Amino acid sequence: MPTCSYSIHSGTPDGPPLRYAKVGDKIFHTWECDDEAQGFLVHSCKVGDGRDSEFDLLDIDGCAVDPIIQADIKYDASLTKAYVETHGYKFSDTSVLNYQCVLELCKKAQGECDNLTPPRCGRGKRSVDRILVTAQKVIPADGGVEREIKENEMDVVATVDILDTLEEE
């Protein structure tokens, strides 16, 4: 299985990694895997405040739920890197934003990536009735809701603190 990462950057998809930003800053979410033989689809993304508030960003097809908050993801031709530009926002009572997404891997040579990634959003969306591979139940360590993880999927996470202002040191 490839090593994949989810990171948040300033200015460009390859810009400096972000740990802190302010409301309105240009932010890039970047996903990357190190195996040229496989591509991936980013889907089922959500953002949480570390307490009990969550908001869905991408649906199971990899399409934006609310394009004003986060647009559809852009994929490079190799299908090993993807990114989306957003702007800093936050929940009203906390500065912490915890992002979680699912990366669905596909073997390029076998044609598994065809009609999977990049996603077709809008009228041509994939059906949720697509063929599923063998799945296993996973119960998060924090006691959260049980969900199925397919053999060709992995959860990836990233965190950033969004502040109203950043004080210069």
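1. Let's start with one residue: Y75 has 15% relative accessibility, so Y75 counts as buried (that word means under 20% relative accessible area, with exposed over 50% and partly exposed in between, using a 1.4 Å probe and protein chains only). Before going on, keep in mind that this is a predicted model, where local features need pLDDT of at least 70, side-chain atom pairs count only at pLDDT 80 or more, and totals for chains, interfaces and linings use all residues. Residues are numbered from 1 along each chain as its sequence is written, and side-chain values use heavy atoms, with hydrogens and water left out.

2. Now the rings. A pair of aromatic rings is described by the distance of the centres and the angle of the planes. How many aromatic pairs does the structure hold? There are four. To pair, rings of Phe, Tyr and Trp (its six-membered ring) need centres within 6.5 Å; planes under 30 degrees apart are stacked, over 60 edge-to-face, and the rest tilted.

3. Take Y6 and Y99: their ring centres are 6.5 Å apart and the planes stand at 65 degrees, so this pair is edge-to-face. Y6 belongs to strand β1 (residues 4-10) and Y99 to strand β8 (residues 96-107), so the pair ties together parts 93 residues apart in sequence. Strands here are DSSP runs (E, at least two residues), numbered from the N terminus. Y6 is buried at 8% relative accessible area, and Y99 is buried too, at 4%. Ring pairs also join Y6, W31 and Y99 into a cluster.

4. Back to Y75, which forms a tilted aromatic pair with F40: 6.2 Å from centre to centre, with 55 degrees between the planes. This pair links distant parts of the chain, as F40 sits in strand β4 and Y75 in strand β6 (residues 74-75), 35 residues apart. F40 is buried, with a relative accessible area of 0%.

5. Next, the open sheet: five strands in the order β2-β11-β8-β4-β5, with mixed pairing. Two strands pair if DSSP finds at least two bridges between them. Why is one side of β2 (20-22) and of β5 (54-56) left without a neighbour in the sheet? Both stand at the edges and each has a single partner strand, so that side stays free of a neighbour.

6. Look at that β5 edge. Strand β4 (residues 38-48) runs antiparallel to β5, and three bridges join them. G48 stands opposite E54 in β5.

Key:
Helix = DSSP H or I, 4+ residues; strand = E, 2+ residues; numbered from the N terminus.
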